[in-house]
Amino acid sequence: MILTFEKRSYKNQELRIKFPDNPEKFMESELDLNDIIQEMHVIATMPDLYHLLVELNAVHSLLGLLTVVDLLQELTDIDTLHESEEGAEVLIDALLEGQVVALLVQNIERLDEQVKEEADGIYNTLAIIENMAEFRPGLCTEAAQQGLMQWLLKRIKAKMPFDANKLYCSEILAILLQNNDSTRELLGEMDGIDVLLQQLSVFKRHNPSMAEEQEMMENLFDALCSCLMLPSNRDRFLRGEGLQLMNLMLREKKMSRTSALKVLDHGMIGPEGADNCHKFVDILGLRTIFPVFMRTPKKMKKTGASEKEHEGQSLITWVDRLMELYFKYLEAVQQADKRIEGEKHVSNSPEMVRRGEILDDSMEDEFYLRRLDAGLFVLQLICYIMVEISNSGISQLQQRVHQILNLRGGSVKLVRHIMREYAESIGDGKSDEFKEAERKRIMDLVDSF
């Protein structure tokens, strides 16, 4: 069968070269080639024979044709690949050696999605890439660099009605970025952060209209979270007004709120996390003297007496506004906690226990989401600023924070508790060591508060 395919493929290419302007001359060979390609689908049921495709050079011939996308999809079906990993390895090696991703991207760039058959061809092409990436995650970097990343971003931002292909593109993009700093950096260099923010901005005023569109939104959020693991992308996120967009989503719509919180969580990771926290709280209403606050006490001493007095007053005003927000969000979260505790008390009553209606993980997750909706994450960020202030070396700010806490019956112990909870729930870092170092940095600030 494979030898027959090789012969018919060679004959078809020969006639196409000989009669490029006369399709009638090679039409019969075209039909013969298509027939044998259809017969070859049976090979997808026998992955232990994949090595024959490679040994007889059939993979190279297949990659030279634009009509074998369906066959390649079946050959790379993830369940089939796992039936014979030895044969699968040989096939994937041969496909990568032939730069299959680059060829597939070149192919889909020529397709017109207004034609159903060609739109289906794009979908099947993405399925091939997903299958290979799942079987061998390491190929994501190579695939992204062979034009796939650029095409995905172009397709995602295309002004076209939402469809299955756009959803699939968002899924493939999230896969490429997962645990891969190379692809994250590549996306950043291609202005991909702006593309993601632009696409997500659609949902700042309304919820997705269908389950598939919601899935796409979540894929884009996942992609953005992955990208924010890189400091350079966090900077691009800030320049692209990503914090402002996440804040709008926190205020407007429930379906995007949890994902927006997740993005903010990732945006606060790393040494520059405190900077990002300050900027987010500034977006909430503290638009004043962030540059002044970041001055060291030594630099402040060099300013004139009148300027120094003005800056000091501005700092005090800023801290006063910060503390107003602290008590505002603290009250909202405490009210939510009381309601939740009441529901837990009912759920744990002897009667409910006898009926088997006890708390499970899904209920605990629901309670946590409700605390986030009440403003828990914003409260945590405000506390983050408070402990940073106390470690800034500017004694008048530290004294002001504690003065207002005492005047309004606040508690240093409660602030520390909120920050410990935040430290335990920070987003994934590059490694366990990275996350532990980040937690330690936060806890050092808390211990000095």
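The following questions and answers concern a predicted model of one protein chain.

Student: What is the mean pLDDT of the protein chain, and where is the pLDDT below 50?

Tutor: The mean pLDDT is 79, and 73% of the residues reach 70 or more. Where pLDDT is low, the predicted coordinates should not be read in detail. That caution applies to one stretch, which still has 37 contacts in the model beyond near neighbours in sequence. The pLDDT is below 50 over residues 286–303.

Student: How many helices and how many strands are in the protein chain?

Tutor: Of the 449 residues, 48% count as buried. Among contacts with a separation of 6 or more, 75% are between residues 24 or more positions apart. The chain has zero strands, and its helices number 27.

Student: Which helix gives the largest share of the largest nonpolar core?

Tutor: In soluble globular proteins, nonpolar side chains tend to be buried together. The largest nonpolar core here has 75 residues, and Leu75, Leu173, Leu224 and Phe237 touch the most other members. Nine residues of this core, its largest share, come from helix α10 (residues 140–157).

Student: Which residues is Leu224 in contact with, leaving aside neighbours within four places in sequence?

Tutor: Leu224 is one of the core residues that touch the most other members. Phe237 is another of these, and Phe237 is also in contact with Leu224. The full list for Leu224 is Ile193, Leu196, Leu197, Leu200, Phe237, Met246 and Val263.

Student: How many residues are in the other core?

Tutor: Another core lies apart from the largest one. Its members include Ile316, Leu322, Leu372 and Leu379. The number of residues in this other core is 40.

Student: Is Val42 buried, partly exposed or exposed, and what is its relative accessible area?

Tutor: Val42 lies in the loop between α2 (23–39) and α3 (50–55). With Met1 and Met46, Val42 makes a nonpolar surface patch of about 230 Å². Buried means under 20% and exposed over 50%, so Val42 is partly exposed, at 37%.

Student: What is unusual about the phi of Glu241, and where does Glu241 lie?

Tutor: Most residues other than glycine have a negative phi. Glu241 is not a glycine, yet has a positive phi of about 60°. Glu241 is also partly exposed, with a relative accessible area of 49%. Its place is the loop between α15 (231–239) and α16 (242–252).

Student: Where is Asp191 found, and what is its phi?

Tutor: Asp191 is found in the loop between α12 (181–189) and α13 (192–200). Asp191 is a residue other than glycine, and its phi is positive, near 60°.

Technical notes: Residues numbered from 1 in each chain as written. Predicted model: local features only at pLDDT ≥ 70, side-chain atom pairs only at ≥ 80, totals over all residues. Heavy atoms only, no water. pLDDT = per-residue confidence, 0-100. Contact = heavy atoms within 4.5 Å. Patch = residues over 30% accessible without salt bridge, like charges linked within 9 Å, V, L, I, M, F, W, Y side chains within 5 Å. Areas by Shrake-Rupley, 256 points an atom, 1.4 Å probe, with all protein chains shown as cover. Salt bridge = Lys/Arg side-chain N within 4 Å of Asp/Glu carboxyl O. Helix = DSSP H or I, 4+ residues; strand = E, 2+ residues; numbered from the N terminus. Buried < 20%, exposed > 50% of the residue type's maximum accessible area, 1.4 Å probe, protein only. Core = buried A, V, L, I, M, F, W, Y, C linked by side-chain atoms within 4.5 Å.
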